[in-house]
Structure formats: C-alpha cells, structure tokens
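Please examine the sequence and the three-dimensional model shown below. The explanation after it is meant for a reader who has not met this structure before.

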Amino acid sequence: SAERGFPYVFLALDRENFTGVGEAVAAFRVGRLMLALERPVRLTQSRFLNWDRVQKQDLILLGGPSANDWSYQNDSKANFVFVPSQGLVNLRPLAGESRQFRSEIQVPGKAVYHYGVIQMLTSPFGFRTMTMAGETSPATAGVAEYFSTPERMKEAYRLIRTATPSKTFPSDWEVVLRIAVCDGIPLAGSTIAVRPAAPR
C-alpha cells in the first residue's frame, strides 16, 4: 500500500475535531526528532483511519483523554491507564508506588503537577505502538518534550534497564512522568514510575 514507506502514523484528535495546543506541540517535537533520525512519518487524524488496518502498522499515538476519543488505553497489557474521573491509574502497583496519579487544579502563576505516560507496546499483529499522552493537553506537550530530549530519555532508559530482570532491553515498556505546569505551559518532567513488560 501507499503507507508501506511510512513506519509511523501520528494521531491527534479531540472530540470537536480540533487538535489541542499540547498535542500540536507534541506532533511538532516528535516530528522534528524523527526528521533528525531520518525516519519518515505521516501525520493524520484518527477519523481518517481504518482501525482494522491501523493495527497492522507501527504507530505513534499523541494525546490523552482530554484531547482524544479513541480508546488506545484499553490494551490489556498496559499497566498505566487513563480512567475517567480517576486520572492515570496504576493497575498493578509495585511496593511504594501510587495507585493513582491526578493532575492538580491549575492556579494562575503557580506551578502544579500533571501526569502523563510514554508506552511502547506490541500489537497482536506484532507491530509497535508508542503512546505519548498526558491527562491534560499541557501534560502531553511535556511528555513529548521529555521524549524528544535525549538527556531526559536516558533517565527513563536507565530506570527501565534497572527494572528489567534479563540482560535484553524489553520490547514493551511504560514510563509515568510528572510534568510541572504553570499557566498551561509545561516546565519540566521527571520519571516517577517505569514498567518493563514481557512481549506477548
């Protein structure tokens, strides 16, 4: 097909068919990173995709529940999922981990914490799906900024490697990020939980 030459497809769509600013920033940052890596990409909205066909290619999904109405978080392998009115839920918390991560209410002029995830999961057809999502649009921008900054992703890589029992880096993994946000602008992100997963 015509899409065979594109290893990833970005998805960004809100319920009114307008992309949030955080999702647009995420698409820009990740697009620049892929350009620097010489990996061609294609940007599209989920409403233009055939979901049966989508599962049979590598994808990058951008945006969380505040911006998207597709249900990527229903993957049974995901440990961290967005649940309406509960925030980001840790389905199988390890010792010392929180069961729930809720974004704080924004206060003008004050930095508060929002939460997001980076997930790399293998589809039932053997293709890779990377999700970069925040509970809020600014959190999604912060997640993409974290992912596209090599120094920050090194921290996540090191933590996943440390949490992996085998010597091989896992094909499937999840990272929970806490993003400091002030007046709707992401300031900094830090890793607060990781979860390597065995392949299907």
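The following paragraphs consider the nonpolar cores, a pocket and one buried residue of this predicted model.

The largest nonpolar core consists of 24 residues. Within this core, the residues with the most contacts are Ile118, Met130, Met132, Phe147, Trp173 and Val175. Helices and strands both contribute: at least two core residues come from each of α1 (21-36), α3 (137-147) and α4 (150-163), and likewise from each of the strands β3 (59-62), β7 (111-122), β8 (128-134) and β9 (172-182). Phe147 illustrates how these parts meet, for beyond its neighbours within four places in sequence it is in contact with Val30, Leu33, Ile118, Met130, Met132 and Met153.

Phe147 also appears in the lining of the second largest pocket, where Met120, Met130, Phe147, Met153 and Trp173 lie nearest the centre. This pocket holds about 290 Å³ of space and is lined by 14 residues, divided into 13 nonpolar, no polar and 1 charged. Both α1 and α4 supply at least two residues of the lining, and α4 gives the most, with 3 residues.

A second, separate core has 9 residues, including Phe80, Phe101, Val117 and Val176. Those four residues are among the contacts of Leu88, which also include Val81, Phe82, Arg99, Gln100, Tyr115 and Gly116 once neighbours within four places in sequence are left aside. Leu88 belongs to strand β5 (residues 87-90). Why does Leu88 count as buried? Its relative accessibility is 0%, and buried means under 20%. Leu88 and Gln100 are 12 residues apart along the chain, and their C-alpha atoms are separated by 5.7 Å.

How values were computed: Residues numbered from 1 in each chain as written. Predicted model: local features only at pLDDT ≥ 70, side-chain atom pairs only at ≥ 80, totals over all residues. Heavy atoms only, no water. Core = buried A, V, L, I, M, F, W, Y, C linked by side-chain atoms within 4.5 Å. Buried < 20%, exposed > 50% of the residue type's maximum accessible area, 1.4 Å probe, protein only. Helix = DSSP H or I, 4+ residues; strand = E, 2+ residues; numbered from the N terminus. Contact = heavy atoms within 4.5 Å. 1 Å grid on protein atoms, 1.4 Å probe; cavity = no way out; pocket = protein on both sides within 12 Å on 5 of 7 lines; lining within 4 Å. Points joined across faces, edges and corners; volume = space filled by probe spheres on them. Nonpolar A, V, L, I, M, F, W, Y, C, P; charged D, E, K, R; others polar.
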